[in-house]
Amino acid sequence: YQRRVHGIINFLKKGARGMRNIIKMLALDHPLIDVIARVEKSYLDRYNLPLNATVKPIPKLMPIYNEITSMSTCQTMPAGSAMNTLRGCQHVISRNSPNSTWFFGCIGDDDYGKILLDDMKKHGMVGCMHVHKEYPTGRCAVLLCNEHRLLMPNLGAACNYPDTHIKENWDKIEDAETYYSTSYFLSTNPKSLRAVFNYGAEVGKPVYFNLAAKDWVLNYSKPLMEVFPTMEGIIGNIEEGYAFGKLLGYEDPKSDMKDIIAAMCKATLKNKREKRWVVITNSLQPTMIGIRDEKGNADVFEIQTPQVAKELVLTTNGAGDMLAGGMLGSMIAGHEILDSFSMAQQLVRYYIQQPDGSLPKEFFDLLPQFKFYFCLLYTSDAADERSSVDLGGRRIIK
């Protein structure tokens, strides 16, 4: 009787814990909040600010944060590379997995931190943050003037994430199904990132990483190469890809990116799942996707980039992060990588045409226009005509 009672109690404890921590993706990075406002050119001139630039938050510019917050055009948005990706991921999986993406980071004990957490909830994300008593919440003033934009980031508490927070919340690390981070976090707490990625690799859970910025790839190459073997998926643009190629011995700037991608796929892999793929985007040029097979070889594919008329593009801020989020969300939902990438392209196609960087209310409303794009029909009776091709005794209708 006692064994039965204890068994029921343990079962209920596990069940309650599982319901509390349904985590489809857990991200570690710099949590920021974008404070966005439309301003007149005269406002920029008052502070002698240039157009289309990123400026440091020097003391004389600090009042801007409070000034734009009180403007009628002001809006806030969860920001930072990994946060943008997590928002895209949660949007894609929200139908079947609401509120199942978690973010680990450090915020300040201030109003901006509270606004950030509230905004995350609105987008279905869960913030598991260390609250720093000394540093303010990381924020980025985004000043929009006609078609121009000026950025003023102030990372603050985001750069002061302590090791203790991971230890105190290790149960959530264990509950997570996938892990994600960027090279930015390597400058803050590589020890915590290494602990999480090593755990994911050891137990056979997907570990995803965004190269994020070429300077971070090169400047933090040592901690990056320490966690590289744990990674199942790697995302970056062409400049970041060439930067990583240097770490693998590809010093020649004329090196073929496909060779670098293949080398990344075939490099040492310590993840129990024994899988790896690499996605390298190149602006409006085709994206290159490398996939490692079971024998350790790699195939590299090219995927065309959908073109959008220039006059329809209203924002490109965070578009790359949103592409990563859409793709990873689709993969979590059970789709293969090439299909997932095409789905993510449609998400970004919508995203860049919205003035406020919003996402469609129902992502899957976008799918009917291309859901058969990668569809192949296998049959043994297809007519041997131009509409079909032979493939090892089977017919595949084009």
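**Two open sheets and their packing in a predicted model**

In strand 1 (25–28), Met25 and Ala27 point to one side while Leu26 and Leu28 point to the other, and all are buried (under 20% relative accessible area with a 1.4 Å probe, protein chains only; exposed is over 50%, partly exposed in between). In a regular strand, side chains alternate between the two faces of the sheet. The structure is a predicted model, for which local features need pLDDT of at least 70 and side-chain atom pairs count only at pLDDT 80 or more, whereas totals for chains, interfaces and linings use all residues. Residues are numbered from 1 along each chain as its sequence is written, and side-chain values use heavy atoms, with hydrogens and water left out.

A look at the whole chain sets the scene. The chain has 14 helices and 17 strands, taken as DSSP runs numbered from the N terminus (H or I of at least four residues for helices, E of at least two for strands). Of its 398 residues, 49% are buried. Contacts (heavy atoms within 4.5 Å) mostly span long stretches of sequence: among those between residues at least 6 apart, 70% join residues at least 24 apart. About 20400 Å² of the chain is exposed, with carbon and sulfur atoms supplying 50% of that area, as computed by the Shrake-Rupley method with a 1.4 Å probe.

Strand 1 belongs to an open sheet of 9 strands with mixed pairing, in the order 6-5-1-9-10-11-12-13-14; strands count as paired if DSSP finds at least two bridges between them. At the edges of this sheet are strand 6 (125–132) and strand 14 (298–303), each pairing on one side only. From one strand to the next, the twist averages 20 degrees. On one flank, strand 1 runs parallel to strand 5, with 4 bridges joining them, and methionine 25 has threonine 101 of strand 5 as its bridge partner. On the other flank, 3 bridges link strand 1 to strand 9, again in parallel, and here alanine 27 is partnered with tyrosine 180. Further out, strand 5 (residues 101–108) and strand 6 are parallel over 8 bridges, with glycine 108 opposite histidine 132.

Two helices pack on this sheet or lie across its strands. Helix 13 touches strand 1, strand 9 (179–182), strand 10 (207–210), strand 11 (233–237) and strand 12 (277–282), and its direction makes about 150 degrees with that of strand 12. Helix 14 (residues 337–351) lies across strand 12, strand 13 (285–292) and strand 14, at about 150 degrees to strand 13. These angles run from 0 to 180 degrees between N-to-C directions, using axes fitted to C-alpha atoms, for helices over the stretch in contact.

The second sheet to consider is also open, with 5 strands in the order 3-8-7-2-4 and mixed pairing. Strand 3 (53–54) and strand 4 (75–79) each have a single partner strand, so one side of each lacks a neighbour in the sheet. Strand 3 runs parallel to strand 8 (residues 148–154) through 2 bridges, and alanine 53 is the bridge partner of leucine 150. Strand 7 (residues 139–145) is antiparallel to strand 8, with 7 bridges between them; arginine 139 stands opposite asparagine 154. Their hairpin has 2 residues between the strands, and asparagine 146 adopts a positive phi near 55 degrees.

In soluble globular proteins, nonpolar side chains tend to be buried together. A nonpolar core is a set of buried Ala, Val, Leu, Ile, Met, Phe, Trp, Tyr and Cys residues joined through side-chain atoms within 4.5 Å. The largest one here has 55 residues, and Leu49, Ile64, Leu143, Trp277, Met327 and Leu328 have the most contacts inside it. Helix 13 (residues 319–332) provides the largest share of this core, 7 residues. Leaving aside residues up to four places away in sequence, methionine 327 touches Ile235, Trp277, Val279, Ile337, Ser340, Phe341 and Ala344. A second, separate core of 40 residues includes Leu26, Tyr161, Val207 and Val227.

Finally, the axes of helix 11 (residues 238–247) and helix 12 (residues 257–266) come within 10 Å and cross at roughly 60 degrees. Ile238, Gly241, Tyr242, Phe244 and Gly245 of helix 11 make this contact with Met257, Ile260 and Met264 of helix 12.
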